[in-house]
Amino acid sequence: MIFWGWRQLIHFCDGDLFRKALKQKNRSGCLLWRRYLWRTSGESLDPEVRSFLEEVTEITSNGHLTPEISLRLLTPRCRFWKEKASLWPYGDPYWAIYWPGGQGLSRYILDNPNIVRNKKVLDIGSGCGATAIASTMSGASLVVANDTDPIAGAAMVLNCELNNLNPFPVRTENLIGTEMDSWDLIVLGDMFYEDELADGLHQWLKKYAYVHGTKVLIGDPGRPHFVSHQIQKQLHKVTEYSLPESTEDDSYGSTSTIVWQYQP
């Protein structure tokens, strides 16, 4: 299996086959990356992780909807683009792709900074951290990113550095379904990729909207688990963006991405 094929697996199989392939790796690699759990901006980034991420990613600011934001991503010029998945030493590198839902959210926030200015923002499933970065650039008073992969947290540190920002706090536990402080805005892109997760998100977001009055923005290019979910009845379309050609290629037929406001 090669990483070029991984993108097809994620699109058609929600990543299940790729996850199975990774579970067959030498488990010492899985134990290794857990040493580098990174939670907040106050902790230094492990030099070994920094070196690895700088080696296997490429800095890019083109080919996506937010050229204002530079990111370290997995591109065709990177070694692991066609390398065997079993050779990747850490968890699933979903953070290394700038997914279309996140692109739409980030573009919308950069174009409409009043959405986040002086607000407390939680970015769920942050990945490369682009939407959290866009929120910080647009004047949010507090931005917290959440991704259960600690290597994603490390990548976010590097991406903040690329954009001359102080790293924001990153929480690596699964926050979906938990009780937390109130947020002015919760943003999430590309998170509705399986039924159980979609159901959990729906109930959790509904509670936040009712109890705290939290505004919720969702970015998605039209994934099957999203367009067929009951949450559709409680969404208001905010805006739609045409995807760059390179993102279209990665999305296998999706030509646009939509930002929705959740209104239960």
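Which residue of strand 6 is the bridge partner of Ile124? The partner is Leu188. The close-up views below start from the whole chain and then move to single elements. The model is predicted.

**Figure 1. The whole chain holds 10 helices and 9 strands.** The protein chain has 264 residues, and 54% of them count as buried. Its accessible surface comes to about 11800 Å². Carbon and sulfur atoms hold 48% of that surface. Now take the contacts in the chain with a separation of 6 or more: 71% of them join residues 24 or more positions apart.

**Figure 2. Seven strands form an open sheet with mixed pairing.** Read across the sheet, the strand order is 5-4-3-6-7-9-8. Which strands are the edge strands? They are strand 5 (170–171) and strand 8 (235–242). Each of these pairs on one side only. In general, strands of a sheet pair through backbone hydrogen bonds, either parallel or antiparallel.

**Figure 3. Strand 4 pairs with the edge strand 5.** Strand 4 covers residues 142–146. Strand 4 and strand 5 pair in the parallel sense, over 2 bridges. Look for Ala145, which stands opposite Val170 of strand 5.

**Figure 4. Strand 6 pairs with strand 3 and is joined to strand 7.** Strand 3 (residues 120–124) pairs with strand 6 in the parallel sense. That pairing has 4 bridges. Within it, Ile124 is matched with Leu188 of strand 6. Strand 7 spans residues 215–220. Strand 6 and strand 7 run parallel, joined by 5 bridges. Here Leu185 has Lys215 of strand 7 as its bridge partner.

**Figure 5. Strand 6 is covered on both faces.** Why is strand 6 largely enclosed by the rest of the structure? Strand 6 has residues 185–189, and 5 of the 5 are buried, so the strand is largely enclosed. On one side sit Leu185, Val187 and Gly189. On the other side sit Ile186 and Leu188. All of these residues are buried.

**Figure 6. Helix 6 and helix 8 lie against strands of the chain.** Helix 6 (residues 130–137) packs on the sheet. It touches strand 3, strand 4 and strand 6. The direction of helix 6 makes about 180° with that of strand 4. Helix 8 (residues 195–212) lies across strand 3, strand 6, strand 7 and strand 9 (256–262). Helix 8 runs at about 160° to strand 6.

**Figure 7. Helix 5 packs against helix 6.** Two packed helices are described by the angle between their axes and the distance between the axes. Helix 5 (residues 100–111) and helix 6 pack at an angle of about 5°. Their axes are 8 Å apart. The angle makes helix 5 roughly parallel to helix 6. Helix 5 brings Gly102, Leu105, Ser106, Ile109 and Leu110 to the meeting. Helix 6 brings Ala130, Thr131, Ala134, Ser135 and Met137. What kinds of residues make up this contact of helix 5 with helix 6? There are 6 nonpolar, 4 polar and no charged residues.

**Figure 8. Helix 4 and helix 7 pack at an angle of about 70°.** Helix 4 covers residues 47–56, and helix 7 covers residues 150–162. Their axes lie 10 Å apart. The two helices are therefore roughly perpendicular to each other. From helix 4, the contact uses Val49, Arg50, Leu53 and Glu54. From helix 7, it uses Ile151, Ala154, Ala155, Leu158 and Glu161. The residues of this contact divide into 6 nonpolar, no polar and 3 charged.

**Figure 9. Arg50 lies in helix 4.** Is Arg50 buried or partly exposed? Its relative accessibility is 24%, so Arg50 counts as partly exposed. Setting aside residues up to four places away in sequence, Arg50 touches Leu45, Leu158 and Glu161. Arg50 and Ile151 are 101 residues apart in sequence. In space, C-alpha to C-alpha, they are 9.7 Å apart.

**Figure 10. Cys160 is found in helix 7.** Cys160 has a relative accessible area of 0%, so it is buried. Which residues does Cys160 touch, not counting residues up to four places away in sequence? They are Ile133, Leu165, Asn166, Pro167 and Phe168. Thr136 is 24 residues from Cys160 in sequence. Their C-alpha atoms are 9.7 Å apart in space.

Terms used:
Residues numbered from 1 in each chain as written. Predicted model: local features only at pLDDT ≥ 70, side-chain atom pairs only at ≥ 80, totals over all residues. Heavy atoms only, no water. Buried < 20%, exposed > 50% of the residue type's maximum accessible area, 1.4 Å probe, protein only. Contact = heavy atoms within 4.5 Å. Areas by Shrake-Rupley, 256 points an atom, 1.4 Å probe, with all protein chains shown as cover. Axes fitted to C-alpha atoms, helices over the stretch in contact; angles between N-to-C directions. Parallel < 35°, antiparallel > 145°, perpendicular 65-115°, else oblique. Nonpolar A, V, L, I, M, F, W, Y, C, P; charged D, E, K, R; others polar. Pairing = 2+ DSSP bridges.
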